[in-house]
Every structure is written in C-alpha cells, then in structure tokens.
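Here is a short guided walk through a protein model, written for someone who would like to know the fold before going to the bench. Keep the viewer open and follow along.

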Amino acid sequence: FPEGGLDVVERALAIVQPRLAIVTDRQIVHGDLHVWNVHARRREVWALDFEDIMWGSRAQDIAISLYYIQDRPDCPDLTAAFRRGYEQMAPWPTDDDELAIYMADRRLMFVNYVFNIDMPDRHDFVARSVAKLEAFVRSVG
C-alpha cells in the first residue's frame with residue numbers, strides 16, 4: 001500500500017460495511033454487468049458472464065455497472081443514458097449517495113482481488129484506488 005493507504009482502506013470499509021449489512025431488498029443480480037459482458041445485435045441484447053452473480057440489491061448492480069465508466073469524460077452522459085434506459089423498465093431504485101457507497105465497495109473488492117493475482121501494474125492500481133477511496137471518505141464526512 002502507498003503511505004497511509006491501509007488507513008484509507010480501513011476508513012472506507014468502516015463506511016461501506018455497515019451499509020451493506022442493512023441491505024434489505026436483495027435479489028439475484030448479475031454482479032458484473034458492464035459493456036464487455038453484454039452482447040448486442042440489432043435490437044436484441046444479451047447479458048454474458050454470470051461468474052459474479054450475487055445476492056444483492058438492484059442499486060448494487062447499477063453501481064457495479066457504473067463503476068466501469070466513472071473515469072470517462074463522458075460519464076455523466078453515459079450515466080444519464082443508462083438511467084433513461086433503466087427507467088423504461090423499472091423505477092430508478094437509488095440515489096447518488098447510495099451509488100457512491102456501492103461503487104466504493106466495488107473498488108475495495110478489486111483492491112483485495114489484485115493482491116491475490118499476479119497483476120503487473122497492481123501497485124499503480126492500488127495507488128489510484130487509494131486516492132479514489134480517500135476522496136470517497138472525504139465526501140461522506
């Protein structure tokens with residue numbers, strides 16, 4: 001971990017874990033639905049790769065999907081389009097604060113994951129993740 005990084009991770013966990021403990025609207029969700037796990041052909045769409053299927057909330061599933069676009073310059077436009085499409089099927093089940101918590105949870109999961117694989121740039125990934133988690137911790141108080 002970079003200097004102070006472990007403390008940041010522990011503070012983020014202290015915010016995320018209590019929120020996860022009170023999730024009541026659990027159902028089976030994809031758990032890793034992003035552009036690389038979707039196949040589209042004409043007007044048909046298929047979800048692929050159910051390896052990370054989980055018992056979670058719809059808000060968690062949305063946050064995982066949005067996690068992958070958060071650093072893109074067009075993130076606001078993509079998020080708005082995602083939400084418009086989602087709301088054609090069901091009411092939007094969350095707010096920005098809850099999404100931030102679930103996105104931080106996803107980042108924490110990946111930080112743990114990279115320490116268990118031989119990822120060449122894992123130290124860079126962890127440093128970037130610690131910086132993002134630090135911003136998350138500051139934003140929630």
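## Helix 5 and its packing

Phe 136 is part of helix 5. Please keep in mind that everything here comes from a predicted model.

Is Phe 136 buried or exposed? Its relative accessibility is 8%, so Phe 136 counts as buried, the limit for that class being under 20%. Setting aside neighbours within four places in sequence, Phe 136 is in contact with Ala 12, Ile 15, Val 16, Ala 100, Ile 101 and Ala 104. You can also look across to Met 103: the C-alpha atoms of Phe 136 and Met 103 are 9.5 Å apart in space, while 33 residues separate the two in sequence.

Helix 5 spans residues 122-139, and Ser 129 lies in it too. Ser 129 has a relative accessibility of 0% and therefore counts as buried. Once residues up to four places away in sequence are left out, Ser 129 touches Arg 107 and Val 111.

## Helix 2, a covered helix

Now turn to helix 2, where nine of the ten residues are buried. The buried residues are Ala 59, Gln 60, Asp 61, Ile 62, Ala 63, Ile 64, Ser 65, Leu 66 and Tyr 67. What lies over them? The cover includes helix 1 (5-21), strand 1, strand 4 (54-56), helix 3, helix 4 and helix 5.

## Two pockets

Helix 2 also has a part in the largest pocket, so let us put the two largest pockets side by side.

| Pocket | Volume | Lining by class |
|---|---|---|
| Largest pocket | about 740 Å³ | 16 nonpolar, four polar and three charged residues |
| Second largest pocket | about 250 Å³ | eight nonpolar, two polar and three charged residues |

The largest pocket has a volume of about 740 Å³. Its lining is made of 23 residues, and those closest to the centre are Leu 33, His 34, Val 38, Ser 65 and Phe 82. Which elements supply at least two residues each to this lining? They are strand 1 (27-29), strand 3 (44-47), helix 2 (58-67) and helix 3 (75-87). Helix 2 gives the most, with five residues. Ser 65 is thus a handy landmark: it is one of the residues closest to the centre of the largest pocket, and it is among the buried residues of helix 2.

The second largest pocket is lined by 13 residues, and Leu 66, Thr 79, Asp 96, Leu 99 and Met 103 lie nearest its centre. Helix 3 and helix 4 (96-114) are the elements that give two or more residues to this lining. Helix 4 gives the most here, with five residues. You have already met Met 103, whose C-alpha is 9.5 Å from that of Phe 136. Leu 66 is another familiar name, listed among the buried residues of helix 2.

## An aromatic link

How many aromatic pairs does the structure hold? There are seven. One of them joins Tyr 68 and Phe 110 edge-to-face, with 6.3 Å from centre to centre and 75° between the planes. This pair links distant parts of the chain, since Tyr 68 sits in the loop between helix 2 and helix 3 while Phe 110 is in helix 4, 42 residues apart. Tyr 68 counts as partly exposed because its relative accessibility is 22%, whereas Phe 110, with a relative accessible area of 17%, is buried. Tyr 67 joins them, and Tyr 67, Tyr 68 and Phe 110 form one aromatic cluster.

## A hairpin with an unusual turn residue

The last stop is the hairpin. Strand 2 (residues 38-41) pairs with strand 3 in the antiparallel sense, over four bridges. To find the register, start from Ala 40, whose bridge partner in strand 3 is Val 45.

What is the backbone doing at Arg 42, in the loop between strand 2 and strand 3? Most residues other than glycine have a negative phi. Arg 42 is not a glycine, yet it has a positive phi of about 55°. The hairpin has two residues between its strands. At 75% relative accessibility, Arg 42 counts as exposed, in contrast to Ser 129, which counts as buried at 0%.

Terms used. Residues numbered from 1 in each chain as written. Predicted model: local features only at pLDDT ≥ 70, side-chain atom pairs only at ≥ 80, totals over all residues. Heavy atoms only, no water. 1 Å grid on protein atoms, 1.4 Å probe; cavity = no way out; pocket = protein on both sides within 12 Å on 5 of 7 lines; lining within 4 Å. Points joined across faces, edges and corners; volume = space filled by probe spheres on them. Nonpolar A, V, L, I, M, F, W, Y, C, P; charged D, E, K, R; others polar. Phe/Tyr/Trp six-rings, centres within 6.5 Å; stacked < 30°, edge-to-face > 60°. Buried < 20%, exposed > 50% of the residue type's maximum accessible area, 1.4 Å probe, protein only. Contact = heavy atoms within 4.5 Å. Pairing = 2+ DSSP bridges.
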